[in-house]
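Colleague: I'd like to learn how to read a fold from its coordinates. Could you walk me through one?

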Amino acid sequence: RKESSRAPLKKAKDKGRTMGPGASPSPEAPLDNEAQLSAGAWDLETLRATAWPLTAPPNPRQRFPAFSTSYATLDAARAAGDDTAIVAVLEELLAAGAPLISQDAAYQLARHHLTLGRRDLALTAIARGLSRGGGHPLARAQLLALQGEVLEQKGDEQGAAESYRRAQQAR
C-alpha cells in the first residue's frame, strides 16, 4: 500500500484551478497565501469525486441467504419508517460473523444516521465496519468514502481528505 500524501487542500474558492499529480500553479492565476499548494495537491472536491468506488461491493443479500429474514425485517422497518427497528436490525447484522455483512450493515447504518443528522453516530458505525478484518475492498472503500463525507460535513477537511485518499487506496 502507498503512503498517503499529506498535501495541502485547496479551498472551494480555488475550485477553478484544480491541480493533479505533477501539475504546477498557473502563472496567470496566482494563489493567495492561504491556498498555496505544492505540486501534486488535490482539492477536496476532486478527492471526494474519486474516492467512491466505480462499482458497488458484492451484495451480501445474494451471498448470504441465511440472513434473508434479517434483510426482510429491515425492508419492513424501512417501509414503516421505524427508526428503532431499522437501527436494531442493522446493529444485529453489524454484529454478524461475516465481514462483508458487517461492512454492509455499517455502511447502511451510517447512511441512516447521516440522513437523520446524527453525524457522530454515523462515524461510530463506520469505525465499527472498518474495524472488521476481511470483507471486500470495495466495501471498505465505500465506508472510507462515506467517512470522508461525514468528516467534511463536520468541517474536518484534513480528516476528510485522508479518508478519501484511503478510500482510493482500498479499491
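Modeller: Sure, let's go from the overall fold down to single residues. Keep in mind that this is a predicted model.

Colleague: Where do I start? How many helices and strands are there in the protein chain?

Modeller: Counting elements is a good opening move. Here you get 8 helices and 0 strands, so the pattern along the sequence is simply α-α-α-α-α-α-α-α. Of the 171 residues in the protein chain, 43% are buried.

Colleague: And what share of the contacts comes from residues far apart in sequence, say 24 or more positions?

Modeller: Take the contacts with a separation of 6 or more: residues 24 or more positions apart account for 61% of them.

Colleague: Next, the core. Which residues have the most contacts inside the largest nonpolar core?

Modeller: That core has 39 residues, and L90, L93, I126 and L146 have the most contacts inside it. Two or more residues come from each of helix 1, helix 3 (68-80), helix 4 (83-94), helix 5 (99-115), helix 6 (119-130), helix 7 and helix 8. For a close-up, pick L146: leaving aside neighbours within four places in sequence, L146 touches W52, Y107, A110, R111, L114 and I126.

Colleague: How do I read helix packing? Are helix 4 and helix 5 roughly parallel or antiparallel?

Modeller: Look at the angle between the axes, where over 145 degrees counts as roughly antiparallel. The axes of helix 4 and helix 5 cross at roughly 155 degrees and come within 8 Å, so the two helices are roughly antiparallel. The crossing is left-handed. On the helix 4 side, the residues that meet helix 5 are D83, I86, V87, L90, E91, L93 and L94. Their partners in helix 5 are I101, S102, A105, A106, Q108, L109, H112 and H113.

Colleague: Why would the residues on a helix face be spaced like that?

Modeller: An α-helix has 3.6 residues a turn, so residues three or four places apart point the same way.

Colleague: What about helix 3 and helix 5, at what angle do they pack?

Modeller: About 5 degrees, with the axes 14 Å apart. That angle makes helix 3 roughly parallel to helix 5. In this pair, Y71, L74 and R78 of helix 3 meet I101, D104 and Q108 of helix 5.

Colleague: How do I check a helix against its expected length, and why does helix 7 count as largely enclosed?

Modeller: Multiply out the rise and compare the ends. At 1.5 Å a residue, the 17 residues of helix 7 should span 24 Å, and the end C-alpha atoms are indeed 24 Å apart. As for enclosure, 13 of those 17 residues are buried, so helix 7 is largely enclosed by the rest of the structure. Just after helix 7, G155 takes a positive phi of about 90 degrees.

Colleague: Take Q147 in helix 7. Is Q147 buried or exposed?

Modeller: Compare relative accessibility with the cut-off: under 20% is buried. Q147 has 13%, so Q147 counts as buried. Beyond its neighbours within four places in sequence, Q147 is in contact with L123, I126, L130, S163 and R166. Now try A85 in helix 4: at 21% relative accessibility, A85 counts as partly exposed.

Colleague: And what does helix 8 pack against?

Modeller: The buried residues of helix 8 pack against helix 1 (44-51) and helix 7 (137-153). Among those buried residues are G159, A160, Y164 and R165. The length check works here too: 14 residues should span 20 Å, and the end C-alpha atoms of helix 8 are 20 Å apart.

Key
Residues numbered from 1 in each chain as written. Predicted model: local features only at pLDDT ≥ 70, side-chain atom pairs only at ≥ 80, totals over all residues. Heavy atoms only, no water. Helix = DSSP H or I, 4+ residues; strand = E, 2+ residues; numbered from the N terminus. Expected span 1.5 Å × (residues − 1). Buried < 20%, exposed > 50% of the residue type's maximum accessible area, 1.4 Å probe, protein only. Contact = heavy atoms within 4.5 Å. Core = buried A, V, L, I, M, F, W, Y, C linked by side-chain atoms within 4.5 Å. Axes fitted to C-alpha atoms, helices over the stretch in contact; angles between N-to-C directions. Parallel < 35°, antiparallel > 145°, perpendicular 65-115°, else oblique. Left-handed = near helix turned anticlockwise from the far one by under 90°.
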